[in-house]
Amino acid sequence: MACLLETPIRMSVLSEVTASSRHYVDRLFDPDPQKVLQGVIDMKNAVIGNNKQKANLIVLGAVPRLLYLLQQETSSTELKTECAVVLGSLAMGTENNVKSLLDCHIIPALLQGLLSPDLKFIEACLRCLRTIFTSPVTPEELLYTDATVIPHLMALLSRSRYTQEYICQIFSHCCKGPDHQTILFNHGAVQNIAHLLTSLSYKVRMQALKCFSVLAFENPQVSMTLVNVLVDGELLPQIFVKMLQRDKPIEMQLTSAKCLTYMCRAGAIRTDDNCIVLKTLPCLVRMCSKERLLEERVEGAETLAYLIEPDVELQRIASITDHLIAMLADYFKYPSSVSAITDIKRLDHDLKHAHELRQAAFKLYASLGANDEDIRKKIIETENMMDRIVTGLSESSVKVRLAAVRCLHSLSRSVQQLRTSFQDHAVWKPLMKVLQNAPDEILVVASSMLCNLLLEFSPSKEPILESGAVELLCGLTQSENPALRVNGIWALMNMAFQAEQKIKADILRSLSTEQLFRLLSDSDLNVLMKTLGLLRNLLSTRPHIDKIMSTHGKQIMQAVTLILEGEHNIEVKEQTLCILANIADGTTAKELIMTNDDILQKIKYYMGHSHVKLQLAAMFCISNLIWNEEEGSQERQDKLRDMGIVDILHKLSQSPDSNLCDKAKTALQQYLA
């Protein structure tokens, strides 16, 4: 019988809950406007800080009624304002609350409210809009649907410090990507917001600063404009520098550093400018210290990683500032068992977000070690560093895995480390595991790193081959993502360099000639160049050349012809002629050239080309075909003489290019010997 009682009990509880909330909603329908106003005020007091009450009122249909009252011309301004306040309070509850508000089309209603002449009502609408737009469930595009909204918001900036604070906050949250930046920029965001940096209100200054950081991010047009903006006779970069001084709040220091970082990366401020070297960089390093809160350390490290990423000098300066490399090692020990965090809520938060610290540390290590061998050595010698990276490769968080792979990729640019640390820790094993099943963004970096591990001097090359890398890489060449196709073919090219015949045969078998020719007609230039590089490496050493040409000769000659006839750049044609030169170096393979008059005419044409690189490559073909010590050289020399090749060699022996001149003279000696 107990089972039967369950449902009625639940229903009675629900009816009690909703009954206690229903009278709030019922009062919104009272014919007396004064009672409606009092009902809304009482509702406002009831929902403050009470998520349960908010959810109940939404379920009972309070939102459509509040929106109706907000938009009614007959409603008093006071009532409209109180309705906006209650809606803002409901929006501050859960994400589901915001979804319910969006479903009731709250945004157009609030935007309409901004046309009112009453400032208090405008501020209430903006406050509610701010709360809704800062929620992760609200699509930013809703701000840009109506073209009249942005200019109207710009005009409202001058009304009060609250309109300034809320509008800047809305802009900084809804500015995602170049299209939004352009819309805001074209409507005068820079001019309208710049003077707010000197506002008496800290909140206004802070929101204006955040606006500039999102406007400048990866945007040269905005950044170049910001550099020359004057506020009270002072240039914006100077104002940003003042805002990142130690006596300013941490949030302000960090956001100012971001503004200067983004302007620097967009090319508006030089990397050797004092405001970067002496102000921005040290400020960001300070943010990485263990005294800072978790989110400050994360943001500091990630912004610093972005600042120094392309610049060797900044990487060197950062690496010796405040023992940064050792300081970052603490990111992996957080929170420690003897943590100074006494606030339990804070500790719980930090435990849930500790992976963000590891991600930030990997990102910064990757930037620090991007170019300098000594820095890479210091990073790898940091306590348990390689173990931490290897552990990072198998973390559950995709972002941490990606950052760990990037860090490893950066360190794998070192020949020394590839031979030592990478081998000691068998890094290739977890990397191969990552490559089996990962999102494209991780695959791109992991496969790029595999290219480095497959270089001929890398001790990892053999075990990687034995673990089924050929099939995996051939699979990557079929990806729709051009970056993965490039990396797949690049790794195969490295694998084929000075490889045994068996490995080359495995590559050709797994790749298939059909796929090889698909890659040779790929629209991506990098894919084509790396495929030609692979062919060139496959066709090296005579026995290998003859073996491959005996089985795939017809198709390879066909591909070479197509490329030499096609609309390709100098580098592509040069690589193709070098492949022909390799074929000409074979013992039996060279007959495939000698019996193909079309190819011979093409070699002759490129000997007389205006570009020296192509002339030299064609010369290599001829030299290999006429070399005296090889069987059948006399017949080949005679055939090429009849084609007029000797006359061209005489001409080239007078070439102003010393390299070409020497090669032509050496070739002519073969005829005289």
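What follows is a short tutorial chat on reading a predicted model.

User: Before we start, what kind of model is this, and how are residues numbered?

Analyst: It's a predicted model, where local features need pLDDT of at least 70, side-chain atom pairs count only at pLDDT 80 or more, and totals for chains, interfaces and linings use all residues. Residues are numbered from 1 along each chain as its sequence is written, and side-chain values use heavy atoms, with hydrogens and water left out.

User: How do I read a helix, say H10, and what length is expected?

Analyst: Helices are DSSP runs (H or I, at least four residues), numbered from the N terminus. The expected span is 1.5 Å times one less than the number of residues. H10 covers residues 161-174, and its 14 residues reach 20 Å from first C-alpha to last, close to the 20 Å expected.

User: What sits at the N-terminal end of H10?

Analyst: Serine 160 caps that end, with a side-chain oxygen 3.2 Å from the backbone nitrogen of tyrosine 162. For a polar contact, look for a pair of N or O atoms within 3.5 Å; within protein, one must be able to donate a hydrogen and the other to accept it, and residues adjacent in sequence count only if both atoms are side-chain atoms.

User: Is H10 mostly covered or mostly open?

Analyst: Buried means under 20% relative accessible area, exposed over 50%, and partly exposed in between (1.4 Å probe, protein chains only). H10 is mostly covered, with 11 of its 14 residues buried; Tyr166, Ile167 and Phe171 are among them. The cover includes helices H8 (119-133), H9 (149-156), H11 (178-186), H12 (189-194) and H13 (202-216).

User: Cys174 is at the end of H10. Why is there no disulfide from it?

Analyst: A disulfide is a covalent bond between the sulfur atoms of two cysteines. The cut-off here is a pair of cysteine sulfur atoms within 2.5 Å, and the structure holds 0 of them. For cysteine 174 the closest cysteine sulfur, in cysteine 175, is 8.9 Å away, so that's too far for a bond. Cysteine 174 also counts as buried, at 0% relative accessibility. Cysteine 578 is a similar story: its closest cysteine sulfur, in cysteine 621, is 7.6 Å off, too far for a bond.

User: Which residues touch the most other members of the largest nonpolar core?

Analyst: In soluble globular proteins, nonpolar side chains tend to be buried together. A nonpolar core is a set of buried Ala, Val, Leu, Ile, Met, Phe, Trp, Tyr and Cys residues joined through side-chain atoms within 4.5 Å. Of the 242 residues in the largest one, Phe212, Leu368 and Leu580 touch the most other members. Domain 1 (413-537) and domain 2 (568-672) both give residues to this core, so it lies between them; those bounds come from an automatic or database domain assignment.

User: What is phenylalanine 212 in contact with?

Analyst: Contact means heavy atoms within 4.5 Å. Leaving aside neighbours within four places in sequence, phenylalanine 212 has contacts including Val190, Ile193, Leu226 and Phe240.

User: And what should I make of the phi of histidine 105?

Analyst: Most residues other than glycine have a negative phi. Histidine 105 has a positive value, near 60°. Histidine 105 lies in the loop between helix H6 (95-103) and helix H7 (106-113), and counts as exposed at 58% relative accessibility. Serine 512 also has a positive phi, near 75°; serine 512 lies in the loop between helix H32 (501-511) and helix H33 (513-520) and counts as partly exposed at 23%.

Terms used. Helices (H or I, at least four residues) and strands (E, at least two) are DSSP runs, numbered from the N terminus.
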